[in-house]
Amino acid sequence: MSDKLSPAREAGKFSRRELLKGAVAGASALAIPAVSYAHGQATAARNPEDTIDLSRQYAFYGHEGQAGISTPPQRHIMYMTFDLTTSTRQDLQILLARWSSAIAQLMKGGTIGQVEPARDSGVGMDTGEAMDLGPASLTVTVGLGPRVFTDTFGLAQHKPALMRNLMPLPSDDMQPELTGGDLSLQACADDPQVAYHAIRDLARIAKSTGAAQTRWTVMGFGRASAGKGQSTPRNLFGFKDGTRNITGKADFDKYVWIKDGGPAWQQNGSYQVVRKIKIHIESWDTDRVSDQNNVFGRHKVSGAPLTGTKEFDTPDFKKKDADGNLIIPATAHISLASHENNQGVKILRRSYNYTDGLNNMAQLDAGLLFISYQKDPAQFEALQTRLGSSDALNEYISHIGSGIFFVPPAPKEGSYIGAEMFES
């Protein structure tokens, strides 16, 4: 995967350090408590490369995993799944080829055809709303659902070894209209309109081929997981999220990328699990912060584990107070999710906050679009089985949507996603 800088939109570069400096200046003028100033300084010092560069572009083609997995998470996401409406193998092949060609153009900041046809009766190939916005670090990641690898499309023999539907999990409260799908598109960018434009036009291609139709979608904001060199963002609970996320190559090779000696076209692929998690915000907001800290096992402002003083202190899950009680409760989120308490299991989190406005009770309707990548879906199932059974956070959340997809490696230049599985 390459990281090229385009001369376009130089004026659109914003350094997180500069933004933080601006926030600090504002904080001083408004007499914001000193803790905000101290945190801002620490964040900037730790993450000098955490910048928003709207001219940055990533390559779609390559020889490793698809962009959008190990790529540092951008600020916005548009996620959509599709149902195949064809039973013809060739139609699926054409759709993946057309999507691949279009994605390569979109990730360069280009259009996928004429926006304003010369003929008065012509319909634009590209909807045009991202013109002049630049690439904005756009990545579009394509996933293949379980039904792709069936006899319907003559692809059963190419099914990745661990591909299957997720097992039922504790606390599942799935809504059928937010569950499943035969194909997935994850578009992430630092400009929300760029991400929206990509999915909109790719959905138009799906419709025009007659091969697939939209199933469910989420537009997310405020990345809720940190990548390498990035400061840790906050979820809608107000807590830092992803402090212990995977960032190093060794962990990617061990827990995320498939490197099992199977078919060559599956190597450097991964399994994508997506969950739409509703947060009962109104209830959470009335809870004492001391209880919220116990629910997560961390301090809300600093992000430090309850047994430490700094965000990146290693949690001590055995430490007790003077009365013999665990300082980090056994039902705390970080305790149940930690690799120390799950036989070393890790997953890559790539999640975003979302909002659907108000529900029918005029309450805030929002939550977390949880996305994880792992080399084996059982990694997610093991963690979620423990969390779904005992997590103190369950009082405030509901898992209402779900999907699983195999994400093939990036196609080589001149080819397309999953091309090799059609060759026999």
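Which residues do ring pairs link into a cluster with Trp284? In this predicted model, the cluster joined by ring pairs consists of Phe237, Phe239, Trp284, Phe296 and Tyr396. The structure as a whole holds 15 aromatic pairs. One of them is formed by Trp284 and Tyr396, whose rings meet edge-to-face, with 5.0 Å from centre to centre and 80° between the planes. Trp284 belongs to helix H6 (residues 281–284), whereas Tyr396 is located in the loop between helix H9 (377–390) and strand E13; the contact therefore ties together parts that are 112 residues apart in sequence. Both partners fall under the 20% limit of relative accessible area that defines a buried residue: the value for Trp284 is 1%, and this residue is accordingly buried, while Tyr396, at 6%, is likewise counted as buried.

Burial is also evident in strand E9, which spans residues 270–279. Nine of its ten residues are buried, so the strand is largely enclosed by the rest of the structure. Strand E9 pairs with two other strands, E13 and E12. With strand E13 (residues 397–407), the pairing is antiparallel and extends over ten bridges; here Tyr271 is positioned opposite Phe406 of E13. With strand E12 (residues 364–374), E9 again pairs in the antiparallel sense, over nine bridges, and Arg275 stands opposite Phe370 of E12. A contact between a charge and a ring involves Lys276, the charged end of which sits over the ring of Tyr354 at 4.7 Å from the ring centre.

The packing of nonpolar side chains was examined next. The largest nonpolar core comprises 54 residues, of which Trp99 and Leu183 touch the most other members. At least two residues of this core are supplied by each of strand E5 (76–84), helix H3 (89–107), strand E6 (139–144), strand E7 (183–189) and helix H4 (192–209). Helix H3 provides the largest share, with nine residues. Apart from this core lies another one, made up of 23 residues, including Phe296, Val345, Ile347 and Ala366. Phe296 thus appears in two settings, as a member of the 23-residue core and as a member of the aromatic cluster that also contains Trp284 and Tyr396.

Technical notes
Residues numbered from 1 in each chain as written. Predicted model: local features only at pLDDT ≥ 70, side-chain atom pairs only at ≥ 80, totals over all residues. Heavy atoms only, no water. Buried < 20%, exposed > 50% of the residue type's maximum accessible area, 1.4 Å probe, protein only. Helix = DSSP H or I, 4+ residues; strand = E, 2+ residues; numbered from the N terminus. Pairing = 2+ DSSP bridges. Core = buried A, V, L, I, M, F, W, Y, C linked by side-chain atoms within 4.5 Å. Phe/Tyr/Trp six-rings, centres within 6.5 Å; stacked < 30°, edge-to-face > 60°. Lys NZ or Arg CZ within 6 Å of the ring centre and 35° of its normal.
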